[in-house]
Amino acid sequence: MKAQYEVKTKKTFAESVDAVRDSVQLFNFTILWEFDVKDQLSKNDLNFSNPFKIIEVCNPKRTKDVLDENILVGYLLPCKVVIYEMKEQVYIGMLNPTALVDLIPNHDLNRIAEDVENDLRKAIDLAAV
């Protein structure tokens with residue numbers, strides 16, 4: 001199984017960012033923070049040519065559920081949705097929560113991770129169309 005889930009979209013980078021903002025909320029995720037990598041690097045006089053944004057999201061109920069199950073999951077939070085452009089193609093993706101929870105020893109988190117992953121995949125797919 002791949003560690004990441006990623007789709008291509010015909011939308012522009014800006015349209016994709018807006019679509020992700022809208023779609024994740026439909027699946028009960030709150031946007032916590034946005035990180036514009038290209039902009040931040042340019043502020044430090046570093047040239048990075050590809051538009052690249054990381055949107056950190058959280059589903060509060062599921063966050064509580066996983067932390068109640070195993071507090072070490074806090075090292076993996078929050079979930080990140082990435083939007084980037086490379087060679088005139090825009091991609092939207094994430095690291096799969098099911099792959100990430102395997103990093104936590106002695107856990108029973110697969111069901112919650114699968115639920116979060118399925119909802120984020122749906123949100124990404126919706127944003128991409």
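**Exercise 1. Strand pairing**

In this predicted model, determine how many bridges join S1 to strand S5 and which way the two strands run.

Solution.
- Strand S5 covers residues 89–95.
- Six bridges join S1 to S5, and the two run antiparallel.
- Within this pair, tyrosine 5 stands opposite methionine 94 in S5.

**Exercise 2. Order and edges of the sheet**

Give the strand order of the open sheet, and state which strands stand at its edges.

Solution.
- The sheet has five strands in the order S1-S5-S4-S3-S2, and the pairing is antiparallel.
- Strand S1 (4–9) and strand S2 (30–36) each have a single partner strand, so one side of each is left without a neighbour in the sheet; these are the edge strands.
- On average, neighbouring strands of the sheet are turned by 20° against each other, direction ignored.

**Exercise 3. Arginine 111**

Locate arginine 111 and decide whether it is buried or exposed.

Solution.
- Arginine 111 belongs to helix H5, which spans residues 110–128.
- Its relative accessible area is 57%.
- The exposed class begins over 50%, so arginine 111 is exposed.
- Threonine 98 is 13 residues away from arginine 111 along the chain, and their C-alpha atoms are separated by 8.8 Å.

**Exercise 4. A nonpolar patch**

Name the residues that form a nonpolar patch with Leu126, and classify the accessibility of leucine 126.

Solution.
- Leu26 and Val129 form the surface patch together with Leu126.
- The accessible area of the three together is about 330 Å².
- Leucine 126 lies in helix H5.
- With a relative accessible area of 40%, leucine 126 is partly exposed.

Terms used:
Residues numbered from 1 in each chain as written. Predicted model: local features only at pLDDT ≥ 70, side-chain atom pairs only at ≥ 80, totals over all residues. Heavy atoms only, no water. Pairing = 2+ DSSP bridges. Helix = DSSP H or I, 4+ residues; strand = E, 2+ residues; numbered from the N terminus. Axes fitted to C-alpha atoms, helices over the stretch in contact; angles between N-to-C directions. Buried < 20%, exposed > 50% of the residue type's maximum accessible area, 1.4 Å probe, protein only. Patch = residues over 30% accessible without salt bridge, like charges linked within 9 Å, V, L, I, M, F, W, Y side chains within 5 Å. Areas by Shrake-Rupley, 256 points an atom, 1.4 Å probe, with all protein chains shown as cover. Salt bridge = Lys/Arg side-chain N within 4 Å of Asp/Glu carboxyl O.
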